[in-house]
Every structure is written in C-alpha cells, then in structure tokens.
Amino acid sequence: MSTQIGNLDQDKLLQIYYQMNLIREFEMEIEKQFMRGKLYGTMHLCIGQEGTAVGAIAALEPEDKITSTHRGHGLSIAKETDINLMMAELYGKATGISKGKGGSMHLADLDVGNLGANGILGAGQAHAVGAALTSKMRDLGYVVITFFGDGASNEGAVHESMNLAAVWELPVIFFCENNQYGMSGSVKDMTKIENIADRAVAYGMPGHIVNGSDVLEVMKVTQQAVERARKGEGPTLIEAKTYRWKGHSKSDPKKYRTSDEEKEWIDERDPIVLFRNKLIEDGVLNEEQEKKILQKVKKAIEGAVEFAEDSPEPSIESLEEDVYA
Amino acid sequence: MREITFQQAIRESMSQEMRENELVYLMGEDIGVYGGAFGVTNGMIGEFGKERIRDTPISEIGFTGAAVGSAITGMRPIVEIQFSDFLLVTIDQLVNQAAKMRYMFGGKGKVPMVLRTPNGSGLGFAAQHSQSLEAWLAHIPGLKVVQPSTPYDAKGLLKAAMDEDNTVVFFEHKMLYGMKGEVPEEAYSIPLGKADVKREGQDVTIIATSIMVQRSLEAAVQLESEGISCEVIDPRTLLPLDEETIIESVKKTGRAVVVHEAVKRGGFGGEIASVIQESEAFDYLDAPIQRLGGRFIPIPYNPELEKNSVPQVADIIEGVKATIYRS
Amino acid sequence: MANEVFMPKLGASMESGTILQWFKEEGESISEGEMLFEVMTDKVNIEIEADSTGVLLKKLYEVNDEVPVNQVIAYIGQKTEDVEGLMKESLEDERDKTPNDNKEDHNLMPFKEREKIRATPAARKQARDYQIELNEIVGTGPRGRIQLDDVKEFVNKLEPDVKVTPLATKIAKAEQINLDEIKGSGVQGKIMSEDVRPQRSRVGEERREERIQMKGIRKVISQRMIESAFTAPHATITTEVDMSAIKEMRQELLPRIEEQIGERISYTEIIMKAVGLMLKKHRIINSSLQDDYIILHPNVNIGLAVAAPDGLVVPVIKECDQRGLTELTEVTKGVTRLARENKLNLDQMSGSTFTISNLGMYAIDAFSPIINQPESAILGVGRILEKPVGVAGTIVLRPMMALSLSFDHRIIDGAPAAAFLTELKETLEKPIVMLA
C-alpha cells in the first residue's frame, strides 16, 4: 500500500481528511443546536467549502497567520483552534475563545495565528497586510493568508490592500473562496469578469485559479504562493472555486439559486467525498482507518458540546472588562 | 526654557520615541521626503529611513487597516491622516476594528496605534478639509481621543499616546502648528485623562478644547479687566475625560461655559455639560451651562464666512457674560 | 369622587381673588349652600357657598392668598378619598389646558404651591441648607429666577434678627420684650443687653402700639391710591358755590320725593344731577387714559365714595345724566346702604367714569381728593356753611359750599377744568338752567 501522494505522507493526508470531516461534523452539529435554540444570533456555515479552508491552511507552518471571515468556523478548525473553546464561544459561554463576547462572526485565536474572523468585509485583508508588514519589518519570516469571498472581492479595502501588499512586496496570500454567492448576489451578477483571480494582474501579482473541491490541488497552489511570499517576492491572489451548500445564514431560504445547481455541487463536487475516493484509490485510507477517523471526529464533537453545555455563563461583572488594554 | 513650535514638539516627541523603540514607525501620505502636508515629519526620513517613515499610496482605509494589522501583531504604528476629514474614509478600521478587537477577542490582543491628524478651520480649506470630528470618535468605546492646545502638552501627550496599548486618535489643530511655547528637551509624558487648569479664576469656569483654549485665555484676560474672573480648563483628552477637575472647578465658580470649534449640535460640549449637571456640581450651578460651538453648517471657504462659522474671542466673552447676566 | 372648589369668577374683569377667610376647617363637614369661604376681588368682598355636600378634604390656599380664577382651591368629598391623586390630575389638566400660555408675569410669582419657582440649583441648595422656603425670596435673575446671591442676601437680612447675646435673651424673656422689635447695637445688628434694658423701663409705662396687617380691602385701597397718586399728576382747583337756590329747591322736593319712594333726597343727589349734566357737556372731564389714547366715555356713570366699615368703597350710579332726581335718589340711597353693609355686587361697583367724594357731613370746607383711576377727575364736596358774602355792595350771609376738583393733568389742562367747575358752580347757583 502506498502511503504517500506527491510529497505528502499518510499522516498528513489523514490529518487533512480528519480536519475536513471535523469541520463538516462541527457545522452539522451547530446547525442542529442552533435549530434547537441552544445557540444565539446567527451563523454562517461553510459546509461544502472544507477543501479550500483545509487545503490552504495545510500549506502553512504553525507560525504563519491567517485572517478569517464571517464564514470562518472551518478556517478556525483548520488553523487548529481548540473546538471546545469554539463551541463554548458559539454557546456564548465564559469559557469561549472570546469569553462569550465575540460569537460566531469574530472567532479569533491569536495564539495559533488566527487574527480574527471579521463581520466587516474587506477589513481583514488590510489587517493581513499589516501583519505581513510586521513580519517583514521585524524579519519574522511568517506569511499571512487572508481569506475573503467573491462578495468581499468588490470591497475597496480589498483593492487597497492588494495594492499595498504588492507595492511593499509583503508576504500575503489573498485567498478568495469564491463560493458563487455574496449573500444572495451571484458572482455572475456582481462581477463583470469571469475570474476574480484576473484582478491580480492589476496589482502586479500572480493570480491563480484552483478547484476548491480538490483539497490537494488547493494545497499545492497555496504552497507555491507561500514559498514566493517567504522568499520576499510579494503577494499572490488565489481564487478557489467552491460552493456553500447551505444558505448565507440560518435565515436564508436560498431563493436565488436552483436546486439543480445545488445538487450538482453536492453530488459531484463534495470535497470530502472526492478526497476520500482519492485516498482509498491511492491506498492511503482503508475502511477501518476511516471508521476510526470518523469515530474520533464524533467523539471530539460530542466532547465539545458537553464542554460548552457544562460551561458557566459569563458574569455580568465581566461586561465592561477588556474594552481597553 | 527653550521655545519651539507645536509642530516641532510633535516631531521631537516622535523622533525621541523612534530612537528608543524600534517597534514604532510612521505611516501616511506624503510624510517622507515631502515631510507631511503640514511639515510635521519634515526631515524624519533622513534619520529613520523609508521603512520607518513609510509613504503610503492614497488609500486611507487600506493603510489604516494595515496599521491595525501590524499593531495587533506587535508593532506600534503612528498613522498620519493628512486631514482629519479623511478619518471618515478610515472609519471602519478605527471604529469597527481597532476599537473593538480586544473586546471581541475576549481580552486577547491589543492595538497600540496612534492616529495623528490635523483638524479644524482657519486656513481656507473649506468644507472637506476643516472639520472637527472629535465627538464622533469620543463616542466609541475602545478608542482614546486627545486634543492638545499647547506645544508643551502636544509633546507630552503624544509620548503618552505612543506608550498606550490602545488606539489613540490625536487631533492637532492646524492653526496651532506655528504656536511657540516652552518645551523641555527631554522626553516626558502627560497622562491621558488628566485635565489642565490653564488659568485659575473665581467667577466662571470655561472648559475649552484645542485652539479654543487659546481663545478662551485671551477672552479671560479681557474679562479680567471688566472684573470677571475666569477659570480656563483644558480637558486635553476627551476620552478618557477628567471629570473631577471640571466638576471641582464648577463647584467653585457655580458657572460653566463649554467651548469647542466642532459644530455645537451633537458636539462634545453637550457631553461635558451633562457630566457637570449629573455630578454633585449641579447643586452649585447658579446659571444654565453655556455651550459654544461651530454653527450648524459646513465650513465655508471665504475667510470672513469661515471665521464666523466657529467661536471667536468675542463669542466667548459674550458666552461668559451670559452666565452672569451681563452684556 | 371629590368635588373641586374653584376660585369663582365674579365679574368680567376679575382675574384673581384673595381668600379673606375660610368658614370651615379641613376635616369639617359641609352641606351644599353653607358658606365655605369669603373672597375679595379688587372691588368687592363676597361670601361663597359650597356647591356640594361632604367633608372639606383639603384647602389648597390660605387666608390672604391671591388665586387666579377657575383655579382649584379646595376639595369637598368623602373622608376616605385620595386628594393627593386628584391634585396631581388637576395639575396635569391645567398643563394640558394652557400649553402655550407662557406668560411670565412677575406679579404672579407670589402665588404659592402651583407656581413653579424659578431658582438655580445653587440657590436651591443654599435655601435648603438654611431651611428657607424659596417663595419667601425675590429672584433678581432673568425672568425672576432666584440666584445664589438672592438667597445670600435674604439670609443676611434674616440673620441679624436672630443674633442676640445670651444676656439680652434672658432679660428680654424675663421682661416679655419682643426681640423682633428691637434694633441691635452690636456687630451686624446683634442685640446686646443694653438694647433691651432701656426698653425695660418703658414696659408697663407706655402702651404698646397696635399692629394691623394691611390686608383685604385695606390693601386694595392702599395699592389703588399709590397707583393713582404716583401715575396721574394731580392738580386741584376749588371754588365756592352759593347754595341758596339749591337749598330752596331741596326743601320743595323733599316731601314729594319722600312720599313717592320713602327716601329723603340729599344735596348729594342734586350735585350728582348737576355734575352729570356738566359732564355730558365737558366730555374731557369724563374720560380715561388708555395707553396713548384718551377715551371720552359716552355714558356718565358717577362713583360715589362711601365709608364702609372696612374702608372706602365706591358704588356706581350709572347714567346719572339720564335720571330724574327721584330715581337718582332711590338708586343712590339703595347702593349706599348696600355699600355700608358690604353687600355690593361687582356690577354695582364697576364702570364709573367720574367720582364724587362728599365730606359735607364733616367740618370740612375744601380738600384734595385723589382720583379714582382710570377716571380723570374727582369732585370733592365740602360742608355748607353760612358765610358773609358781598352781594351788590352789601354783606349778607349765604349758605356757601366749597367744591374741589382734582384732575389728571396729563389729560386735562387747567382751563377746561376751570371751565367745568365754573359752569358747575353757575348751574348750582341757578338750578333752573338744568331744565334748559
């Protein structure tokens, strides 16, 4: 049995497979809990986009950083934030990663290099430029991937950030998860060009398009960009074509798209199924291993829910804490 | 003591800090060889180089956001926004990002950034380059807002701002840049949130900010000759606000006049007036609190119109007299 | 539900009334029709009956309080009722009624309870600290606002009164001396023992003065006199009238009129008749000054000064020029009697255009009467006395009477006043011309 695909060994491949499943199960679990009234506010699920999150972040070293998005649970998990703390945060508990004050849209974990999901589109790209500037000015060697969607790609701040990163040759990867819709707006209606990646040329950086359903392809393209950034050659724009299976948020009836379209992406382009098939085909994964991995995922999710549910609510006294450093 | 200008005091404060702390750098439009629109960074690129005196493209939201990103990853950026009116272009990064990150992240991370910006009217720059928008920012939890009125305060307050682990918006009035005053050569810090009694008096307390401190002092001299003794208080920082000094003074005088250049309606003067009347000073008030501020108009171009759109010395004198029912 | 008792509007011009007395105390029962309180307007005192039966739950005003008409002044109801709640409601009603009525009249300031007192926080605190009621203090700030200095001044005025040395206090107590009346000779007017000692010898020897509070009709008279004396420049001219003809005429009319109406005609009515005719002719004397206009009155309504028990009242006899002497006598006697009994109604006291003050029953020859504003002149009538007068070269005794005309020199010059008085004299000396 081969234990390698390209230069990736079995451990790494199974880790990727585990993370993709962990993201999907986590999302399905919180959707369930949300509908049971356990969670508050809203949430943006990234089921169907596991390939982009895990593929891109798999190309990073632990010291590298990301900025995340409002649809960022998968990115947090891929950057290895403790899912207990994530789950507790979604439950609004004191033990949450942000002590129950940030919630789904502001998941951050500075310790693992996640500079934060953002409720304001385009803001995170500028932060990534700044974080990359720190890396460059202090010669820290880390790179930054900043994730954004096809919707945010039209924000002025994104363009300003790409220009800044390019002109200062900063180690940033602008990673566009093109999931086809900005809320209800189809990318076809909101953007004249076929590929967001084409914009790279306007800022003097390379642009790549990648199939977001192919986690290994995503990883490979990202690795090239990371390498370039680390060498001080500046930023890259990557556009991964992907699809969110669920609505924009929990209140979205998805009237703006057809079930045929959804069916095609779900049945034929599920990144987890495609990756699983490849792993089995290449002899990296057998049924027993798969069972074990899925068991581990299930246990982790159950543990996270239990941790969140057993955690205390934040005290009212904590209300005014942490406004200022 | 040696005298230098307000503008020199700011440059000296930054230069001294940058020599001490390599994490501090400066970013903004035309701050390098050009020296900044008002010459504040003149010559700094020669000493610190273009990495640390970083000229930016004209993209305020982009480079302000970059400053936030670099601050949260350990740098201590100073951002020069060419005119405070352009703060509105950066407002997402200031209000939604810098001010809120620490809270949203559950107390993790900090954004030690100083955003310096020239504000105010008086130079004929008209409606989009002459505003005083400090109240907008003083409304935002997570920010600190500073408005120096003298070269001495400018140097010391900027040092404190650079030492802050929070985002500080530092307003420099354009008309004050040329003002000379005694400034010590060594670095020193004036704590944020400490008001300064610029002149002691008995009859009326004038609480003035930025250039209005100077105009109030001028008014106080004239009023003195008419037998009216004014105490002039400069809060120096709006956020945090030194409420105690204001309240104590009003308890002493029983009368308060609040003066700022910003448009009166919704201006910070309303906040100060409320602080007074909500405090124990209420029982000492012997006249309604007077608020003086800019008229409810965009700043006009014509010099006479421009002058008439914001409080002048005569307006302050009139305001003070109104609290003691004299004309 | 409790019934509100209002300050009644007793005449078209009445804007407020002063409560002279309450006939019932809070908690006392009262029946509909029973007298509840007495009110004084600027013209009349009237006792007001209760218009419902129950218990007088609450009096909102004290004696001597001046209250605008239609203001609730008391509540009558059942013992258990919540008056406080009602009072709140009524206050709100009032606010609803007059949302735009922001008349800031200084004269209204002393109205207690309902009137909001304007005072700065500093003034309020000082007043609280010294336990002073703000309504005792006159505000000098904008729109009568009480300032800190006003309170301080008030306190300064108060304090010397209470500053007494212990020894002086002891002496005063032993000798029952009222310290309020002593002027202290010490620092800041402090009362020293020597200030009360000389007083000691006087106590018992001299009668104490009696103090009568200026209130009720006395206060009204006082105000009106001041107003008249100090706004209208008075000039008084006098003349003497030979009353021989009138005397004769009265003797003839007396029995006839008495037979008809049972009243005795007096000189007053005859003089009124003559004056009435003269005023019709000399219209400037029958006028009023209103702002920049002199109003010449179409009617001749003569007020007659009458000494009522509480003071001067002036009943009005309307259209004197139109009435015959019989009618004039009947009407005049009637209102004069009512006046002496304090029973005039407001109408009987309103609308005079000229006043006659007759002191002929006393040993008064001539005097300077004060004009009853807003009239422009007043006639003072003296006694009739036999005096030697020269007639056609010989001295004879004639019943002479002095007439004094005070007139408002703003409106009336000396000449027209003199012309009026001269023609009046001639008319009285030859009453037959009245028929002309």
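# Exercises on a three-chain model

The largest share of the lining of the second largest pocket comes from H9(C), with 5 residues. The model is predicted, and the exercises below start from this pocket and then move to the chain contacts.

**Exercise 1. Describe the second largest pocket: what is its volume, and which elements supply its lining?**

Step 1. The volume of the second largest pocket is about 560 Å³.

Step 2. Its lining has 26 residues, and those closest to the centre are Thr268(C), Ala305(C), Arg340(C), Asn358(C) and Met361(C).

Step 3. Five elements of chain C each give at least two residues to this lining: helix H8 (267-281), strand S13 (306-308), helix H9 (325-340), strand S16 (354-358) and strand S17 (377-391). H9(C) gives the largest share of them.

Step 4. Sorted by class, the lining of this pocket holds 13 nonpolar, 8 polar and 5 charged residues.

**Exercise 2. Which pair of chains has the most contacts, and which chains do not touch?**

Step 1. There are 2 pairs of chains that touch, and the most contacts are between chains A and B.

Step 2. Chain A and chain C do not touch. The nearest C-alpha atoms of these two chains are 33 Å apart, whereas contact requires heavy atoms within 4.5 Å.

**Exercise 3. Characterise the interface of chain A and chain B: how many residues are in contact, and how many salt bridges does the rule find?**

Step 1. On chain A 36 residues are in contact, and they meet 46 residues of chain B.

Step 2. Between chain A and chain B an area of about 3,300 Å² is buried, with carbon and sulfur atoms giving 64% of that area.

Step 3. The rule finds 0 salt bridges across this interface, but it finds 16 residue pairs in polar contact there.

Step 4. On the side of chain A that touches chain B, the elements giving two or more residues are helix H5 (123-137) and helix H6 (156-167) of chain A. H5(A) gives the most, with 9 residues.

Step 5. By class, that side of chain A has 20 nonpolar, 9 polar and 7 charged residues.

**Exercise 4. Now take chain B and chain C: how large is the buried area, and which three residues of chain B supply the most of what chain B buries?**

Step 1. The contact involves 9 residues from chain B and 11 residues from chain C.

Step 2. The buried area between chain B and chain C is about 750 Å², and carbon and sulfur atoms give 54% of it. Asp283(B), Asp286(B) and Tyr325(B) supply 66% of the area that chain B buries against chain C, more than any other three residues.

Step 3. The rule finds 1 salt bridge across this interface. Arg128(C) pairs with Asp283(B), and their closest N and O atoms are 3.3 Å apart, under the rule's limit of within 4 Å.

Step 4. Chain B and chain C have 8 residue pairs in polar contact. The side of chain B that touches chain C has 6 nonpolar, no polar and 3 charged residues.

**Exercise 5. Why does the salt bridge of Lys110(B) and Asp165(B) tie together parts apart in sequence?**

Step 1. Over all chains, the whole structure has 56 salt bridges. In one of them the side chains of Lys110(B) and Asp165(B) meet, at 3.5 Å from N to O.

Step 2. Lys110(B) is in the loop between helix H5 (101-104) and strand S5 (114-119) of chain B, and Asp165(B) is in the loop between helix H7 (151-163) and strand S7 (167-173) of chain B, so the pair ties together parts 55 residues apart in sequence.

Methods:
Residues numbered from 1 in each chain as written. Chains lettered and ligands numbered in written order. Predicted model: local features only at pLDDT ≥ 70, side-chain atom pairs only at ≥ 80, totals over all residues. Heavy atoms only, no water. Buried area = accessible area lost by both parts, 1.4 Å probe. Polar contact = N/O pair within 3.5 Å; in protein donor to acceptor, adjacent residues only side chain to side chain. Helix = DSSP H or I, 4+ residues; strand = E, 2+ residues; numbered from the N terminus. Nonpolar A, V, L, I, M, F, W, Y, C, P; charged D, E, K, R; others polar. 1 Å grid on protein atoms, 1.4 Å probe; cavity = no way out; pocket = protein on both sides within 12 Å on 5 of 7 lines; lining within 4 Å. Points joined across faces, edges and corners; volume = space filled by probe spheres on them.
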